[in-house]
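The paragraphs below walk through one protein model, moving from a strand to helices, loops and enclosed spaces. Please keep the sequence and the coordinates open while reading.

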Amino acid sequence: MDAPRTVAAGRTASPTTARLINDRLALQLLQSEGPLTAGQLKALTGLSRPTVADLVERLQEAGLIAVVGESGAQRRGPNARLYGIVADRAHLVGLDLRTHSVTVAVADLLGEVRAERTVPIGPDDTPEAAVAAALAGLDKALAAAGAPHPHTLAVGAPGLVDPATGRLGGTDWIPSWHVALVGELRARRAVPVLLENEVNLAAIAERRDGAARDHDTFALLWLGHGTGAAVVLDGTLRRGASGGTGEIGFLPVPGTAALPSASGCDGGFHSLAGSAAICALAAQHGLPTEAGAGSAPLDAPAPAPDADAPPAEAVVRAAVAAGDTGAAFLDALAARIALGVAAVCAVLDPGCVVLGGEIGSGGGEELAGRVAGHLARLSPLRTDVRAGALGGRAVLRGAVLAARDAAQNELFGAAGPGASFRP
């Protein structure tokens, strides 16, 4: 049997704690590497064969792993069996709340989406009607995924999420049905409901699956209907004292006719880089801005399936596709965006800034490169500017990942104490 593991300077784990730590390590490997044989677990963990056999038996009895196939080994036997995490051990729900829609994704314990629904919310719908429609969409998605009893729900919403209470703040500028829906979800189901700012979730998704996978420190600048930012420092998402880190729409910048106020971001960076401002800028450059104008190129990524895709997304995609015709507009837009990026860099020096949201993704490397050029003239700090890889779907993906982390922390918690499970 392996010697007890050292857990901190001057401390040694008891046999029980060592077993829990070993189990957790095995689960982390199965999460990151996929199905493994007992022999592969032995090689990757450095544990003895009897210890690996014991932990495999424990995890099977707990319903966390199962035999999912066999390896191509010449000698058949226990070591040829492939073990994998039981994906159906728990189901997760991610919700992306927008002004006129809610999108629901139901995923398994590994984060694979099993069902998805987008529910439009009419501008004249009462909060009660909006909540009822959203809940009906959730029920349909759960039924389609065969998951009537989800383990964890994670909700991405605009506004400030108070780190102390988990409640939405800054509600003067967000739909009232958002608050009502979160309250109903918490009252309706005896499961954890995580609430997070939408841009923060987008940053989680871009770090795990998107443009920032190689950076532990970066900032994400959200460019959609509105503007926002998220900050990840040394692998940790930073929310601020009141949950307001990244409310860059309120940032006073040159080029606006007024200053922002505590009750609205008109006059702030939002007035330069929000969707309405981008459409106005395009019109100044003689580009069409009506709905559907200037269709995107055939190989462009499909837009997010929600009712809230900003009209500026089509404008920016069309400008990129138009080449020289759209160059002046893109350069003017990049100069505006660079003002916000420069402010973030001056305070945080993140080294990498991802242009997220539908517009950041739609502008692609063409827009990101132009922003980088303007930024280099504004700031002495070397900063890599990248286009977001996930576009508007980053919020939903981030919600699924947040729910997955929470569920795995609880279910895998029996496999080891300490820091949260981070694959």
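**A walk through the model**

G94 lies in strand β6, which covers residues 91–97. The model is a predicted one, and in it G94 has a relative accessible area of 0%, so this glycine counts as buried. Ten residues along the chain from G94 comes V104, and the C-alpha atoms of G94 and V104 are separated by 5.8 Å.

A second pair of positions spans a much longer stretch of sequence. Q28 has its place in helix α1, which is made of residues 15–33, and with a relative accessible area of 27% Q28 is partly exposed, because that value falls between the 20% under which a residue is buried and the 50% over which it is exposed. Q28 and F412 are 384 residues apart along the chain, yet their C-alpha atoms are separated by 9.3 Å.

Helix α12 takes up residues 394–411. What span should its 18 residues have at 1.5 Å a residue, and how far apart are its end C-alpha atoms? The expected span is 26 Å, and the end C-alpha atoms are 25 Å apart, so the two values agree. As for its surroundings, 14 of the 18 residues of α12 are buried, which means that this helix is largely enclosed by the rest of the structure.

Helix α6 can be read in the same way. Its twelve residues should span 16 Å at 1.5 Å a residue, and because its end C-alpha atoms are 16 Å apart, expectation and model agree. This helix is mostly covered, with ten of its twelve residues buried; the buried residues of α6 are E198, V199, N200, L201, A202, A203, I204, A205, E206 and R208. At the start of α6, a side-chain oxygen of N197 comes to within 2.9 Å of the backbone nitrogen of V199, and V199 is itself among the buried residues of the helix.

From α6 the path leads to the largest pocket, which holds about 660 Å³ of space. Its lining is formed by 30 residues, and those that lie nearest the centre of the pocket are P158, W173, E198, G226 and T227. Two elements give two or more residues to this lining, namely α6 (198–209) and β14 (227–233), and β14 supplies the largest share, with three residues. E198 therefore links two parts of this account, as a buried residue of α6 under the 20% cut-off and as one of the residues nearest the centre of the largest pocket. In chemical character the lining is mixed, since its residues divide into nine nonpolar, 15 polar and six charged.

Beyond this open pocket, the structure holds two cavities of 30 Å³ or more. The second largest cavity has a volume of about 30 Å³, and the residues that line it are A219, L220, L221, A229, V341, V344 and V353. The elements that give two or more residues to this lining are β13 (218–223) and α10 (324–348), with β13 giving the most, three residues. Which classes of residue make up this lining? Seven are nonpolar, while no polar and no charged residue takes part.

Two loops near the ends of elements already named deserve a look at their backbone angles. D234 lies in the loop between β14 and β15 (236–238), and its phi is near 50°, a positive value in a residue other than glycine; at 66% relative accessibility, D234 counts as exposed. D349, in turn, has its place in the loop between α10 and β16 (352–356), where it has a positive phi of about 50° although it is not a glycine. At 43% relative accessibility, D349 counts as partly exposed, because an exposed residue must be over 50%.

The cysteines close the walk. How many disulfides does a search of the whole structure find? The search finds zero. C265, at 21% relative accessibility, counts as partly exposed, whereas C279, with a relative accessible area of 13%, is buried; the 20% cut-off lies between these two values, so the two cysteines fall into separate classes.

Technical notes: Residues numbered from 1 in each chain as written. Predicted model: local features only at pLDDT ≥ 70, side-chain atom pairs only at ≥ 80, totals over all residues. Heavy atoms only, no water. 1 Å grid on protein atoms, 1.4 Å probe; cavity = no way out; pocket = protein on both sides within 12 Å on 5 of 7 lines; lining within 4 Å. Points joined across faces, edges and corners; volume = space filled by probe spheres on them. Helix = DSSP H or I, 4+ residues; strand = E, 2+ residues; numbered from the N terminus. Nonpolar A, V, L, I, M, F, W, Y, C, P; charged D, E, K, R; others polar. Disulfide = S-S within 2.5 Å. Buried < 20%, exposed > 50% of the residue type's maximum accessible area, 1.4 Å probe, protein only. Expected span 1.5 Å × (residues − 1). Polar contact = N/O pair within 3.5 Å; in protein donor to acceptor, adjacent residues only side chain to side chain.
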